[in-house]
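Trainee: Could you take me closely through one part of this model, the nonpolar core, and show how the rest of the chain is arranged around that topic?

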Amino acid sequence: MKKIVFSLLMLVPFGLVSCFSGASKSSTEEIETQKMQQQVDSLYKKMSQAERVAQLYGIRPSEVMENGRLSLQKCREKIPNGIGHVCQYACALDLGPNELRDFVRDFQNYLINETPSGVPAIFHEEAITGLAAKGATVYPQQLGVACSWNPELATVKTEQTAEVMRSVGATLALSPMVDLIRTAHWPRIEESYGEDGYLSAAMGVAFVEGLQKNGLKDGVAACTKHFLGYGGGSSLTWKEIFEEVLMPHEAMIRLADCKVLMTSYGRFRSEQAVSSDTLLNKILRGYLEFDGLVVSDYGAVGHSSQKGNPEILKQRAIEALVAGNDIELPSNNCYKFLPELIKDGLIDEQYFEKAVKRSLMLKARLGLLSTDRKLYTNGDLDLDCPQYRKTSYDLACQSIVLLKNNGVLSGKHKKIALVGPNANTYWCMLGDYTYQSMQAFWWGRKNRS
């Protein structure tokens, strides 16, 4: 077990961590943060309004591709002012490791050399079972990792994941998912660490520590999700919410310095989570003193109105931005109206400025704004080397759970029926966020190698 994680979780009530959470930051870190903030402030002043708003949403790789390759012409048409994020770029493409890296290289070269301020994009991807990319090692699902009760090995797994992600240009993992699951009917159980807040907190911290072990300029930023009570729990008492449901997120932010958080599709009390003042202002930035970036789940800003009335989409944009949701993913269905809303006085520009600067600050922390930035690795890439497979095998072995046989399996029962929509699909057994499953079920493609 990772003793430091468990000792901190056992000895320090989470409500009291805020009393000394600032003590962990060294003066060197504070000076570095101030320098990055100055850089961000200077960059913001130089950017046009169009460039600024472009930092607040993402784009799918297919939107700027033609015949399986990046199209510079489409880039010039669709993202002339740059872009904040490139979304799920690895699981969406049928590209081997070197081809994937080359795609990132060409994309970043366009942004750096042909857009006004030359700001690189954040390439983000799913990573709960390792990087969801063709040819990458597949690790056990998070529920299986939780059954290992081995946060130390879980950290090794995400250290390896960070190496792979950085090599092909990814700097943000939309992981881990630490929703507490209290109902067997919720469809995303395998993504979680289960029903226990303490175990989810320990494993979540281990996940972040592995991804960010070498610092964000060399590692990968983790994203804790979903905030809050998405797997069941938003109707619980405040005591249960703070002591159980919030615990994994709080541990990852306070103990592992997680800098990105994703809101959910759900509601919290009477508020939509993505635009909840209670969640994002009072709890996250108030109580937890979170100073990082908040991103929406895909399509959550517009939620049920994505293809509806533009006036409704504008209202969704106002509600989400004012509440503190900085980035709209995966596209700009709602945030594209922000310049108009600011001009018409329907939203205070201070909210817009804060969001853009938080977006740029994450890029600064990841080293993307530095002259010596590390955007990818040159040479032949191997995303599935023997030591990665060994870690995956060890986690799988340690995740096995032996159930007591109360006479159900006996001599008189010769057959066992396995039923349900996933009973005859080995792709889904790998996990819903593996490259193979994403290709088969999300993108509907036959090539699942």
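Mentor: What follows looks at the core, with a few words on the whole chain beforehand.

This is a predicted model, in which local features need pLDDT of at least 70 and side-chain atom pairs count only at pLDDT 80 or more, while totals for chains, interfaces and linings use all residues. Residues are numbered from 1 along each chain as its sequence is written, and side-chain values use heavy atoms, with hydrogens and water left out.

The chain holds 18 helices and 11 strands, which are DSSP runs (helices H or I, at least four residues; strands E, at least two) numbered from the N terminus. Buried residues, meaning those under 20% relative accessible area with a 1.4 Å probe and protein chains only, account for 55% of the 449 residues.

The largest nonpolar core, a set of buried Ala, Val, Leu, Ile, Met, Phe, Trp, Tyr and Cys residues joined through side-chain atoms within 4.5 Å, has 59 residues, and those with the most contacts inside it are Ile83, Tyr89, Phe103 and Phe107. At least two residues of this core come from each of α6 (97–114), α7 (142–148), α8 (151–167), α9 (197–211), α11 (247–254) and α16 (386–398), with α9 giving the largest share, 8 residues. Leaving aside neighbours within four places in sequence, Phe103 is in contact (heavy atoms within 4.5 Å) with Pro61, Met65, Leu70, Tyr89, Leu93, Leu95 and Phe123. Apart from this core lies another, of 48 residues, including Val274, Ala300, Leu321 and Leu338.

Technical notes:
Buried < 20%, exposed > 50% of the residue type's maximum accessible area, 1.4 Å probe, protein only.
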